[in-house]
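Trainee: I am new to this structure. Could you take me through one part of it closely, and then show me how that part connects to its surroundings?

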Amino acid sequence: MPERHENGRPAPALLPVFRPPRPRAAVLVLHGGQEASLRPARPWQLAALRTIPFARALTATAPHQDVLVARVRYRLRGWNDEHADPAHDTERALHELAEAAGPVPVVLLGHSMGGRAALRAAGHPHVRGVIGLAPWWPAGEPVTHLAGRHLIALHGDHDRVTSLAETTDCVRRAHGTAVRAGLAVVGGGDHAMVRRHDWWHRTAAAAVAHLLDPDGTADPLPEESYGTDGFPVL
């Protein structure tokens, strides 16, 4: 069964990693999972552990050190068809964040299934942008709710779990709706982001910093990433 407190309510969905006294912005990190599973999600599962270095990189590079960094706790391991359980958990984490920190701008950073949950939850009024790491964005995944938001994807060309072609299609469909939609192909990158892991961590953290402080932090991706034809291999 999913983890619950003694009062019977679900455990908090928001798991702060770095919590400044007065945050001006926030980043939520969402890990991967399975297409279908009703087993409880646990923090020691590999999918959850893989996102810990990203949270650490974010706390080290967050502009001005007044950015709250947190992970999202899922109730279940699976997406589970129309139930979209991790997306609902992400929305719950955004609600808890608003109660704790107020209406601060938020960037959602999601790996694999977490990228899909981030994309689904992007319609929340506090979300400024979504960054998908080897995201699972199936054909036809909705993008109309991205108006006023940024979308960035990093996807390895050696990924054998999620589809680079589907990620490319999603980014292209977001053009004209999102403020900006971009994709960079990670040369030699695999789904687990083990190959060139330092690049993944550094670039993801820099992309988050840029979305939160576009005037003071350079975009780590080249301008070609935001076109509609060939996307660069980095």
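Mentor: What follows is a walk through the sheet, starting from one of its strands, β2.

A caution comes before the details. This is a predicted model. Now take the whole sheet. Seven strands form it, and it is open. Read across, the order is β1-β3-β2-β4-β5-β6-β7, with mixed pairing. The edges are β1, residues 14-18, and β7, residues 180-186; each of these pairs on one side only. From one strand to the next, the twist averages 20 degrees.

Find β2 in that order. It sits between β3 and β4. Strand β2 covers residues 25-30 and β3 covers residues 67-72; the two are parallel and share five bridges. Two bridge partners can be located by eye. V27 is matched with V69 of β3. L28 is matched with A70, also in β3.

Now turn to the other side of β2. Here lies β4, residues 106-111, again parallel and again joined to β2 by five bridges. Look for A26: it stands opposite V106 of β4. As background, strands of a sheet pair through backbone hydrogen bonds, in either a parallel or an antiparallel way.

How covered is β2? Six of its six residues are buried. Follow the side chains along the strand. A25, V27 and V29 point one way. A26, L28 and L30 point the other way. Both sets are buried.

Stay with L28. The largest nonpolar core has 40 residues, and L28 is among those with the most contacts inside it, along with L108 and L151. Setting aside neighbours within four places in sequence, L28 is in contact with L14, A70, V72, A93, L94, L97, V106, V107, L108 and L109. Another core lies apart from the largest one. That second core has 28 residues, including L58, W200, A205 and Y226. In general, nonpolar side chains of soluble globular proteins tend to be buried together.

Next, step from β4 to β5. These two run parallel and are joined by six bridges. V106 has a bridge partner here as well, V127 of β5. Strand β5 spans residues 127-133, and six of its seven residues are buried.

Between β4 and β5 the chain passes through helix α4, residues 113-120; the three together make a right-handed β-α-β unit. Is α4 enclosed or open? Seven of its eight residues are buried, so α4 is largely enclosed by the rest of the structure. The buried ones are M113, G114, G115, R116, A117, A118 and L119. Their cover includes β2, α3 (85-101), β4, β5, β6 and α5. So β2, where we began, is part of what covers this helix.

Go on across the sheet. β5 pairs with β6 in the parallel sense, over five bridges. One match to look for is G132 with A153 in β6. Last comes helix α5, residues 164-174, which packs on the sheet. There α5 touches β6 (150-156) and β7. The direction of α5 makes about 160 degrees with that of β7. With β7 you have reached an edge of the sheet.

Key: Residues are numbered from 1 along each chain as its sequence is written. This is a predicted model: local features need pLDDT of at least 70, side-chain atom pairs count only at pLDDT 80 or more; totals for chains, interfaces and linings use all residues. Side-chain values use heavy atoms; hydrogens and water are left out. Two strands pair if DSSP finds at least two bridges between them. Helices (H or I, at least four residues) and strands (E, at least two) are DSSP runs, numbered from the N terminus. Axes are lines fitted to C-alpha atoms, for helices over the stretch in contact, and angles run from 0 to 180 degrees between N-to-C directions. Contact means heavy atoms within 4.5 Å. Buried means under 20% relative accessible area, exposed over 50%, partly exposed in between (1.4 Å probe, protein chains only). A nonpolar core is a set of buried Ala, Val, Leu, Ile, Met, Phe, Trp, Tyr and Cys residues joined through side-chain atoms within 4.5 Å. A crossover is right-handed if, with the strands pointing away from the viewer, the path from the first strand over the helix to the second runs clockwise.
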